Amino acid sequence: MSYETILVEQHDAVTLITLNRPQALNALNGQVLKDLIAAFAAYDADPSQRCAVLTGSEKAFAAGADIKEMADKPAADFFLDDFFSEWTSKVCATRKPWIAAVAGFALGGGCELAMMADFIIAADTAKFGQPEIKLGVAPGMGGSQRLTRAVGKAKAMDMCLTGRMMDAAEAERASLVSRIVPAADLVAEALKVAAAIAAMPMMAAMVNKEMVNIAFETGLNQGLLTERRLFQILTATEDKTEGMAAFVEKRPGVWKGR
Ligand code: HXC
């Protein structure tokens with residue numbers, strides 16, 4: 001598959017997707033969104049791939065939706081196209097795990113894209129923000145919802161109302177990112193984490209992802225019931241039989257992914 005605005009490489013069982021529009025700090029124009037939809041669909045459909053990493057450049061993960069593309073677009077077109085609905089739902093429908101590895105700016109749609117990942121690994125240079133208010137608008141692809149769920153109301157309000165940036169240390173304290181690594185090591189570290197996930201039994205990885213996502217979307221009792229049922233389903237897999245036998249026999253498990 002060929003892409004115009006992203007680079008895609010396979011590192012054994014890990015797909016590395018790199019946003020590649022440096023002249024616009026990886027601003028998300030229509031072509032980037034098309035390329036991302038295709039790359040995530042290809043990753044999800046490829047049985048040899050078991051984890052993905054999405055990254056940008058040293059200066060910017062992504063500086064937001066493409067302001068130049070939006071500037072003259074009439075309001076009716078935003079509404080009639082249901083702007084950003086199709087691609088966000090497609091990227092978020094990825095069933096296998098993926099990590100956002102963020103260095104530099106992750107602003108507006110860039111921050112929202114990072115928050116669609118299962119988790120974020122930040123370089124010490126990362127800066128997160130929802131500055132849409134300064135453009136006379138507001139987050140439009142999940143920022144007000146995912147940021148609030150991740151960091152709570154006080155910080156989300158602060159970020160959205162002032163448009164200020166949060167550095168990596170603050171983002172880690174606020175639980176927006178799971179860990180911080182030196183910028184020079186970002187991609188290597190993210191690939192290492194992804195390789196560890198890729199080495200897990202695949203169905204268990206997919207179910208663990210689904211379970212944590214359900215916690216964001218439902219009440220506690222419904223979430224606990226869904227967790228129990230998904231756990232019970234996993235006990236029927238060959239990898240469960242192998243995993244528990246391997247523990248008892250004090251050897252590493254050999255996974256079939258089913
Ligand atoms: C289009 C962008 C862009 C963007 C940067 N560029 N961000 N182009 N859309 N979001 C372009 C600049 O125009 C410039 O190109 C080039 O990238 C380098 O950017 P500079 O501004 O010269 O770099 P710098 O001075 O280092 O400042 C970096 C920055 C700044 C602080 C990140 O670029 C910035 O504030 N960008 C906008 C951030 C933002 O507001 N994001 C939210 C977008 S709205 P040229 O060719 O001009 O030199 C959004 C809404 C989502 O995401 C939901 C809507 C429904």
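This section describes the ligand shell, a nonpolar surface patch, and selected side-chain pairs of the structure.

The model is predicted, with local features requiring pLDDT of at least 70 and side-chain atom pairs pLDDT 80 or more, while totals for chains, interfaces and linings use all residues. Residues are numbered from 1 along each chain as its sequence is written, and side-chain values use heavy atoms, with hydrogens and water left out.

The ligand is surrounded by 22 residues, of which K59, A63, A65, I67 and G109 come nearest; a residue counts as near if one of its heavy atoms lies within 4 Å of the molecule. Polar contacts are pairs of N or O atoms within 3.5 Å; within protein, one atom must be able to donate a hydrogen and the other to accept it, and residues adjacent in sequence count only if both atoms are side-chain atoms. A backbone N or O atom of A63 is placed 2.9 Å from a ligand nitrogen atom, and a backbone N or O atom of I67 likewise lies 2.9 Å from a nitrogen atom of the ligand. At G109, a polar backbone atom is 2.8 Å from an oxygen atom of the ligand. The protein buries 65% of the 1000 Å² that the ligand exposes when taken alone (Shrake-Rupley method, 1.4 Å probe; for residues, only the protein chains shown count as cover).

Two or more shell residues are given by each of α2 (67-70), β6 (105-107) and α5 (109-116), with α2 giving the most, three residues. Helices (H or I, at least four residues) and strands (E, at least two) are DSSP runs numbered from the N terminus. By class, the shell divides into twelve nonpolar, five polar and five charged residues; Ala, Val, Leu, Ile, Met, Phe, Trp, Tyr, Cys and Pro count as nonpolar, Asp, Glu, Lys and Arg as charged, and the others, Gly among them, as polar.

I67 also takes part, with L135 and V137, in a nonpolar surface patch of about 270 Å². Patch residues have over 30% relative accessible area and no salt bridge, with like charges joined within 9 Å and nonpolar side chains (Val, Leu, Ile, Met, Phe, Trp, Tyr) within 5 Å. L135 is located in the loop between β8 (127-129) and α6 (143-151).

Eleven salt bridges are counted (a side-chain nitrogen of Lys or Arg within 4 Å of a carboxyl oxygen of Asp or Glu). One of them joins K209 and D118 at 3.1 Å, N to O. This pair links helix α10 (residues 202-217), which holds K209, to the loop between α5 and β7 (119-123), which holds D118, across 91 residues.
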